Amino acid sequence: MTTDIVILAAGKGTRMHSALPKVLQPLGGKPLLQHVLDTAKTLSTRKIHVVVGNGAKSVQEACADAPVWWWHQAAQLGTGDALKAALPGLRGAERVLVLYGDVPLLTADTLRDFLHQTPEQALGLTTANLKEPQGYGRILRDASGQVTAIREHKDCCSAEHTIAEVNLGMMILPVAPLADWLAELSAGNAQGEIYLTDVVAIARAIGTDVWPYTLDDAQEALGVNDPTQLAALERIYQRRQIQALQRQGLRVADPERVDIRGALQCGQDCWIDPNVLFIGQVILGNRVRVGCGAVLQDVQVDDDAEILPYSVLEGAHIGAGARIGPFARVRPGSDIGAAAHIGNYVEVKASRFGAGSKANHLAYIGDSEIGTGVNVGAGTITCNYDGANKHKTVIGNDVFIGSDSQLVAPVRIGDGATIGAGSTITKDVPAGGLTLSRSPQRSIPHWQRPQRDKK
C-alpha cells in the first residue's frame with residue numbers, strides 16, 4: 001500500500017522551560033525531531049510530512065535539508081487538529097503512519113513491523129502493558145477483547161485508571177475516511193483539546209477494524225515533556241549506542257559514563273575509560289586506548305594510538321602509535337604523525353607534526369610543519385600571529401628546539417639544526433649546527449636584595 005508519514009511537531013513544550021522548541025531539544029547531539037526524521041527516511045514510504053506550529057521557523061531552519069513536506073498548525077488545539085493541517089498533502093496515499101517529533105527512540109525495525117502487521121484499511125495503534133501507566137491513555141476493550149476506544153488519562157474514571165494497557169501514540173490510519181473522522185472530533189474533554197485518539201471509537205462505530213500492536217520494549221515509545229524526561233532518554237540512547245559497539249567488540253570500563261553525540265566507529269580491541277565524550281564523526285583504528293575525561297570531536301585515530309586522560313581533540317588526524325596527552329589539546333587541521341608524542345599542556349593547531357617527533361611539555365605549535373624526529377622543548381612557542389595575519393613555521397627533520405624558545409613566524413628551521421634554550425628566532429636557521437639568541441649572562445657581586453621598610 002502507498003503510505004505517507006506525518007510527524008506531529010507543533011507543540012510548545014511549556015514544561016521544558018526553554019526558548020528552544022521542544023522538538024529541537026538535543027538528544028545525543030542532535031534535535032529530537034532529527035532522530036524521528038532519520039528513522040522515517042529509512043522506511044519505504046511515499047512522502048514524509050511534518051506539522052509545525054510553535055517555533056515553526058526555527059524548526060524548519062534546523063531541518064532545512066530534510067526531504068519533507070511542511071504543514072503549519074495555526075493554533076495548538078490538539079493532535080487531531082494537527083493532523084488536519086497535513087490532510088491536503090495526503091492525496092494519493094492509501095494510509096498514513098502518524099509519528100511524534102518528541103518520541104525519538106523508535107527503531108525502523110519496530111515501525112516496519114508495525115506497518116507489516118496492520119492489515120490494509122485497518123486502524124493500527126501502538127500499545128504496551130505498564131506497571132505504572134500514570135499519564136498514559138488507556139486502551140478500552142469490549143467483552144470479546146476488541147479495542148473499542150482510547151481514554152486519555154485525565155478523562156478516565158477510577159476503574160479505567162487501573163487498566164495497565166496503554167496507548168503509546170503512534171497510529172496507522174486509512175486515508176480515505178480520515179477527513180470525515182477528523183471532522184467528527186471535538187474538544188469536549190478534560191484538557192479542552194481535539195484528541196486524535198478519539199478516532200478509534202469513531203472507526204469502531206462504522207465497523208473499521210482496529211489492530212493493536214504491542215511493543216515488546218515500551219522504552220522505544222518514551223516521549224519528552226520536561227528536562228528530567230529528556231535526561232532519562234539521553235541515558236537510554238547512550239546505552240543503546242554503547243551496547244551496539246560492545247557487540248562489535250569495543251571494551252568500555254563503564255558503559256554508563258561514555259557519551260556519543262554523533263557516530264563512533266571502532267576497530268578491534270579498543271578500550272574506552274570513563275567520562276569520555278565523542279562528538280561528530282569519530283573513527284578509532286585497532287587497539288586504540290582513550291583515557292578518562294577525553295573529548296574527541298570529528299577525529300580519526302589510527303591503530304595503536306593512545307589518547308591519555310583529559311585531552312581534547314577536534315578536527316584532527318592522529319597517526320598510528322601516537323601518544324596524546326594527558327591534558328593536551330589538538331585543534332582543527334592538525335595531523336599528528338605515527339609514533340609522535342603530544343604531551344601535557346601542549347596545544348597544536350592547524351599543524352603537521354611528523355612521525356616520531358615529540359613535544360612533551362608546555363608548548364604551543366600553531367600553523368606549522370614539523371618534520372620527523374623533532375624534539376620540541378618545554379615552553380616553546382611558534383609565534384604565528386602578528387596581530388593581523390597568521391604566518392607559518394617550517395621545521396625540518398631531526399631538529400632540536402631548546403626549552404623556552406620562541407619561533408617568530410614566518411621562519412624556517414633547517415634539518416638537523418639545534419636551537420639553544422631561551423632563544424628568540426626571527427630569521428631562517430640553516431641546517432645543522434647551533435643557533436641561539438641570548439643576552440650575555442653576568443653576575444653582580446655583593447648585590448643586596450631590597451628590604452621592606454620597618455613600620
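**Exercise 1. Leaving aside neighbours within four places in sequence, which residues is Ile 7 in contact with?**

Solution. This is a predicted model, so let's work through it patiently.
- Step 1: Look for the partners of Ile 7 in the thirties and at 40, which are Leu 33, Val 36, Leu 37 and Ala 40.
- Step 2: Move along the chain to find Ile 48, His 49, Val 50 and Val 51 in contact with Ile 7.
- Step 3: Finish the list for Ile 7 with Leu 99, Tyr 100 and Gly 101.

**Exercise 2. Find out how enclosed helix H1 (residues 32-41) is.**

Solution.
- Step 1: Recall that a residue is buried when its relative accessible area is under 20%.
- Step 2: List the residues of H1 that are buried: Leu 32, Leu 33, Gln 34, His 35, Val 36, Leu 37, Thr 39 and Ala 40.
- Step 3: That makes eight of the 10 residues, so H1 is largely enclosed by the rest of the structure.
- Step 4: Here is a handy rule: an α-helix has 3.6 residues a turn, so residues three or four places apart point the same way.

**Exercise 3. Which residues touch the most other members of the largest nonpolar core?**

Solution.
- Step 1: The largest nonpolar core holds 67 residues, and Ile 7, Leu 123 and Leu 173 touch the most other members.
- Step 2: Strand S10 (residues 165-174) gives the most to this core, namely six residues.
- Step 3: There is also a second, separate core of 51 residues, with Leu 296, Val 374, Val 411 and Ile 425 among them.

**Exercise 4. Is Thr 79 buried or partly exposed?**

Solution.
- Step 1: Locate Thr 79 in helix H3 (residues 79-86).
- Step 2: Its relative accessible area is 29%. Buried needs under 20% and exposed needs over 50%, so Thr 79 is partly exposed.
- Step 3: Beyond the neighbours within four places in sequence, Thr 79 is in contact with Leu 8, Tyr 100, Ile 194, Tyr 195 and Leu 196.
- Step 4: Now compare sequence and space: Gly 11 lies 68 residues from Thr 79 in sequence, with 9.2 Å between their C-alpha atoms.

**Exercise 5. Describe the overall form of the protein.**

Solution.
- Step 1: Count the secondary structure, which comes to seven helices and 37 strands.
- Step 2: Compare the radius of gyration, 31 Å, with the 23 Å that the globule rule gives for 455 residues; the value is well over the rule, so the protein is more spread out than a compact globule.
- Step 3: Check the C-alpha trace, which spans about 105 × 65 × 40 Å along its principal axes.
- Step 4: Add that buried residues make up 47% of the 455 residues.

How values were computed. Residues are numbered from 1 along each chain as its sequence is written. This is a predicted model: local features need pLDDT of at least 70, side-chain atom pairs count only at pLDDT 80 or more; totals for chains, interfaces and linings use all residues. Side-chain values use heavy atoms; hydrogens and water are left out. Buried means under 20% relative accessible area, exposed over 50%, partly exposed in between (1.4 Å probe, protein chains only). Helices (H or I, at least four residues) and strands (E, at least two) are DSSP runs, numbered from the N terminus. The radius of gyration is taken over C-alpha atoms; the globule rule is 2.2 Å times the number of residues to the power 0.38. Contact means heavy atoms within 4.5 Å. A nonpolar core is a set of buried Ala, Val, Leu, Ile, Met, Phe, Trp, Tyr and Cys residues joined through side-chain atoms within 4.5 Å.
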